[in-house]
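Work through these exercises with the model open beside you. Try each task before reading its solution.

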Amino acid sequence: MLGNTKISYLSRLYHPTTGCSFGCPTCWARPLVRNRLAGVMRGLPVGPAVGTDATYAFDPAFHPDRLADPLRARRPQVIGVSFLGDWCDPGITRAQRFQILDVAEKNEQRTEPHTLIFATKQAEEMRCTLTEWRHCSAGFLLNHCWFGVSVSDAGDSWRVLELQQAPAAHRWVSYEPATGPWSLPLAGGAYNRPQIDLVIVGGESGPGARPMHPDWARSVRDQCAEADVGFYFKQFGEWLPDDQFDGEPFEFRHGHPGAPFWALNAPVCNVSPGLHACRVGTKAAGHRLDGAKHTDLPWSHLLEGGQ
C-alpha cells in the first residue's frame with residue numbers, strides 16, 4: 001500500500017526501494033527507520049542496531065512485493081517514489097530500477113494516471129538507467145513522471161548537468177536543504193529553460209539544521225521567473241531570518257512585548273553581516289518568502305485541498 005506523507009508537494013509515498021548509502025549527516029529518512037515512526041516501514045527489513053547511539057542501518061533494499069502499489073490506487077495522486085531512500089543508489093541494481101520504470105509505464109496506460117515524482121542524488125546513475133531502459137531507448141518518454149535531482153549548493157551543480165542529458169518528459173530540481181548558493185545552469189548566456197521545468201526550494205529541518213540565507217532563495221526565484229521555470233518555495237526550515245519578521249529584526253527582541261510568543265528566548269545566530277536568524281522551528285518559520293507564497297506546481301490540482 002502507499003504511504004502517507006507530510007511533504008507539501010506530494011499526496012502519497014511509494015516505496016519500491018528504501019535505504020541509501022550516501023550518508024547525509026542530517027538525513028530525515030534515517031531517523032524514521034531508526035525510531036520506527038513510519039507506519040509504511042512495518043514489515044520492511046531494517047538493519048540491526050549498531051553503534052553506541054543505537055542507530056539503525058539504512059542499507060538500500062528492493063521490495064518487489066510493493067512494485068504494483070501505485071496501480072492499486074484508484075484516484076489519481078501525486079506520488080513520491082522511494083523518498084525513504086534513493087532509487088538510483090548503487091545498492092539497487094539497474095535491472096531492479098527497470099522494474100520500477102515498467103510500473104511507471106503501466107501507470108501511463110491508466111485512464112487517469114498518477115503523477116510520479118522521482119528524485120536522486122545519484123544523477124549519473126539515473127541518466128544511465130533512463131537511457132538504457134528499453135522504452136526510453138526507443139524514444140518513448142513517461143509523460144506523467146517527473147525526474148529530478150537534489151542539490152544543496154553550487155558544488156552539486158554537476159547533478160543538474162546530468163539531469164539535462166537524461167531522456168525525460170519533465171525534469172525538476174530539489175534545492176533542499178539549501179545550505180549554500182546555487183544557480184540555474186546557463187547556456188549561451190540564457191537560462192536553459194527547455195531542460196529544467198521546476199525548482200523546489202527549502203531550508204533544512206531537524207536536529208543540526210543550518211539556516212538558509214534568504215538571498216539564496218530570492219536568487220533562484222528571480223532566475224526561475226526570468227527563465228519561465230516553475231518555482232515552489234517549500235519552507236525556511238528550522239531557522240527564520242530576521243528580515244522575514246514583517247520587516248522587524250528580532251536580534252534583541254527577547255522579552256519584547258511585540259515579539260511572537262514562539263520567538264521569545266529562541267536561539268539566534270548570525271547568517272551574514274547584519275542578518276540574523278532565529279531558531280523557531282519549521283512550522284513557525286513557515287513557507288513564505290518575503291511575505292509571499294510561491295506554489296507554482298504543475299500538479300497542484302491533484303493535491304488534496306489544493307495549494
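Two strands count as paired if DSSP finds at least two bridges between them. Keep in mind that this model is predicted.

**Exercise 1. Strand E6 and its partners**

Task: Find which strands are bridged to E6, and how they run.

Solution:
- Step 1. Start with E1 and E6, which are joined by three bridges. That meets the cut-off of at least two bridges. These strands run parallel.
- Step 2. Pick out a residue pair: Arg 12 has Ile 79 of E6 as its bridge partner.
- Step 3. Turn to E7 (residues 115-120), which is joined to E6 by four bridges, again in parallel. Here Val 81 stands opposite Phe 118 of E7.
- Step 4. Trace the link from E6 to E7. The chain passes through helix H3 (residues 94-108), and the β-α-β crossover is right-handed.
- Step 5. Check the faces of E6 (residues 78-81). Val 78 and Gly 80 are buried on one side, and Ile 79 and Val 81 are buried on the other. Both faces are covered.

**Exercise 2. Nonpolar cores**

Task: Locate the largest nonpolar core and say which helix supplies the largest share of it.

Solution:
- Step 1. Count the members: this core has 54 residues.
- Step 2. List those with the most contacts inside it: Phe 147, Val 173, Tyr 175, Trp 182, Val 199 and Val 201.
- Step 3. Assign the share. Helix H7 (residues 214-227) gives five residues, the largest share.
- Step 4. Look for another core. One of 17 residues lies apart, and its members include Ile 7, Leu 13, Phe 83 and Ala 119.
- Step 5. Zoom in on Val 201. Beyond its neighbours within four places in sequence, Val 201 contacts Tyr 175, Met 212, Ala 217, Val 220, Phe 231, Tyr 232, Phe 233, Lys 234 and Gln 235.
- Step 6. Set this in context. In soluble globular proteins, nonpolar side chains tend to be buried together.

**Exercise 3. Aromatic pairs**

Task: Classify the ring pairs Tyr 9–Trp 172 and Tyr 175–Trp 182.

Solution:
- Step 1. Note the total: the whole structure holds eight aromatic pairs.
- Step 2. Take Tyr 9 and Trp 172. Their ring centres are 5.9 Å apart and their planes meet at 65 degrees, so this pair is edge-to-face.
- Step 3. Place the two residues. Tyr 9 sits in the segment before strand E1 (12-14) and Trp 172 in strand E9, 163 residues apart. Both are buried.
- Step 4. Take Tyr 175 and Trp 182. The centres are 5.4 Å apart and the planes at 50 degrees, so this pair is tilted.
- Step 5. Check burial. Tyr 175 is buried because its relative accessibility is 0%. Trp 182 is buried too, at 3%.
- Step 6. Extend the search. Ring pairs join Tyr 9, Trp 172 and Tyr 232 into a cluster.

**Exercise 4. A glycine in a loop**

Task: Is Gly 180 buried or exposed?

Solution:
- Step 1. Find Gly 180 in the loop between E9 and strand E10 (186-187).
- Step 2. Apply the cut-off: buried means under 20% relative accessible area. Gly 180 has 5%, so Gly 180 is buried.
- Step 3. Identify its contacts beyond neighbours within four places in sequence: Ser 152, Asp 153, Tyr 175 and Trp 216.
- Step 4. Add a distance. The C-alpha atoms of Gly 180 and Asp 215 are 10.0 Å apart, with these positions 35 residues apart along the chain.

Notes:
Residues are numbered from 1 along each chain as its sequence is written. This is a predicted model: local features need pLDDT of at least 70, side-chain atom pairs count only at pLDDT 80 or more; totals for chains, interfaces and linings use all residues. Side-chain values use heavy atoms; hydrogens and water are left out. A nonpolar core is a set of buried Ala, Val, Leu, Ile, Met, Phe, Trp, Tyr and Cys residues joined through side-chain atoms within 4.5 Å. Buried means under 20% relative accessible area, exposed over 50%, partly exposed in between (1.4 Å probe, protein chains only). Helices (H or I, at least four residues) and strands (E, at least two) are DSSP runs, numbered from the N terminus. Contact means heavy atoms within 4.5 Å. Rings of Phe, Tyr and Trp (its six-membered ring) pair if their centres lie within 6.5 Å; planes under 30 degrees apart count as stacked, over 60 as edge-to-face and the rest as tilted. A crossover is right-handed if, with the strands pointing away from the viewer, the path from the first strand over the helix to the second runs clockwise.
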